[in-house]
Amino acid sequence: RPSGQVVLGTAAGSPTIAAMDVRSQEQINGTRMSWNIWPSTRLDATRIIVPLGCLYTPLKETEGLQLVEYEPIICKGRDCGAVLNPFCFVDFHSKCWTCPFCHARNQFPQHYAEHITETNLPAELLQMCSTIEYIIPQAITQPPVFLLVLDIALIEEELDQAKDSLQQSLAMMPQNALVGFITFGAMCYVHELASTTLPKAYAFRGGKEYTAQQVAYQLGFALKNDPRGTMGAQG
């Protein structure tokens, strides 16, 4: 599949290929991917050298940001939670949409199903609204969460510059923000910032692979008998 192109679903079920301006998407959405396209098979996934990744700029100021005053439509797939977006496949006949992440099939709410057509789409499905802001009425707003990840395999001058940038970022964050900090080099450290006595961090070996459940268990976020995976592996 040519770089810079994306596959979109159609009402008839046959995919179409549309050109995508990658740099324009970065300006609109504040995201930069390590690859413009994702591997479509397991074999392709084993052949890529640079891992799939996304650099996201939270709270990025964009021109023409669409504001909507209602709650987002959430995918009901297990452990998914993705939001209805322009890259979802929509079946206008059965009033369903398919999540592009977990491929779960979801029914539109009644107030959507009654009005949605190929020519009458909600903002979430418009291609120019790949980033929108929800103003949720009568909802308890949770504090923003920022996870800072720092590569410490740097020369001293670059590391000092990175520290200065981190301090500037912290100064600009809201007072009620929740902040996490991870550093990585030969080892990966998850720092516990709430510790007021002695510095505390959870260490993971860089040469060992961990499942999400193993990491959660070591950080104290999961049970050892969690049925979703093996939990007890130690770093």
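Mentor: Before we start, one definition: two strands pair if DSSP finds at least two bridges between them. Keep in mind, too, that this is a predicted model.

Trainee: Thanks! With that in hand, which residue in E12 is the bridge partner of Ile182?

Mentor: Start with the strands: E11 covers residues 178-184, and E12 covers residues 187-192. Four bridges join these two strands, which run antiparallel. One of the residues with a partner in E12 is Phe184, matched with Cys188. For Ile182, the bridge partner in E12 is Val190.

Trainee: How many residues lie between E11 and E12 in their hairpin?

Mentor: E11 ends at residue 184, and E12 begins at residue 187. The hairpin formed by E11 and E12 therefore has, between its strands, a residue count of two.

Trainee: What is the order of the strands in the open sheet of four?

Mentor: Let's build it from the pairings. E10 and E11 pair in the parallel sense over seven bridges, while six bridges join E12 to E13 in the antiparallel sense. The pairing in this sheet is mixed, and the strand order is E10-E11-E12-E13.

Trainee: And which are the edge strands of that sheet?

Mentor: Look for strands that pair on one side only. The twist from one strand to the next averages 20°. The edge strands are E10 and E13 (200-205).

Trainee: Which residue in E13 does Met187 stand opposite?

Mentor: E12 spans residues 187-192, and its six bridges to E13 are antiparallel. Standing opposite Met187 in E13 is Arg205.

Trainee: Which residues make up the covered face of E10?

Mentor: E10 runs over residues 145-151, and its uncovered face carries Val145, Leu147, Val149 and Asp151. Asp151 also stands opposite Phe184 in E11. The covered face is made up of Phe146, Leu148 and Leu150.

Trainee: The chain has to get from E10 to E11 somehow. Is the β-α-β crossover right-handed or left-handed?

Mentor: The two strands are parallel, and the chain crosses between them through helix H4, residues 156-172. With the strands pointing away from the viewer, a clockwise path from the first strand over the helix to the second is called right-handed. The crossover from E10 through H4 to E11 is right-handed.

Trainee: What angle does the direction of H4 make with that of E10?

Mentor: H4 packs on the sheet, where it touches E10 and E11. Its direction and that of E10 make an angle of about 175°.

Trainee: Let's turn to the cysteines. How many disulfides does the structure hold?

Mentor: Take Cys75 and Cys102: the sulfur of Cys75 has its closest cysteine sulfur in Cys102, at 3.6 Å. A disulfide needs the sulfur atoms within 2.5 Å, so the sulfur of Cys102, 3.6 Å from that of Cys75, is too far for a bond. The number of disulfides in the structure is zero.

Trainee: Which of these two cysteines is buried?

Mentor: Buried means under 20% relative accessible area. Cys102 counts as partly exposed because its relative accessibility is 31%. At a relative accessible area of 4%, the buried one is Cys75.

Trainee: How far apart in space are Asp79 and Cys102, C-alpha to C-alpha?

Mentor: Asp79 sits in the loop between strand E5 (66-68) and strand E6 (89-91). Asp79 is exposed, with a relative accessible area of 60%. Asp79 and Cys102 are 23 residues apart in sequence, and their C-alpha distance is 9.0 Å.

Trainee: There is an open sheet of three strands as well. Which are its edge strands?

Mentor: Its order is E6-E7-E8, and the pairing is antiparallel. Here the twist averages 25° from one strand to the next. Pairing on one side only, the edge strands are E6 and E8 (105-107).

Trainee: Which residue in E8 is the bridge partner of Trp97?

Mentor: E7 covers residues 96-98, and three bridges join E7 to E8 in the antiparallel sense. In E8, Trp97 has as its bridge partner Asn106.

Trainee: Last one: is Thr98 buried or exposed?

Mentor: Thr98 has its place in strand E7. Leaving out residues up to four places away in sequence, Thr98 touches Cys88, Phe89, His103, Ala104 and Arg105. Its relative accessibility is 18%, so Thr98 counts as buried.

Methods
Residues numbered from 1 in each chain as written. Predicted model: local features only at pLDDT ≥ 70, side-chain atom pairs only at ≥ 80, totals over all residues. Heavy atoms only, no water. Buried < 20%, exposed > 50% of the residue type's maximum accessible area, 1.4 Å probe, protein only. Axes fitted to C-alpha atoms, helices over the stretch in contact; angles between N-to-C directions. Contact = heavy atoms within 4.5 Å.
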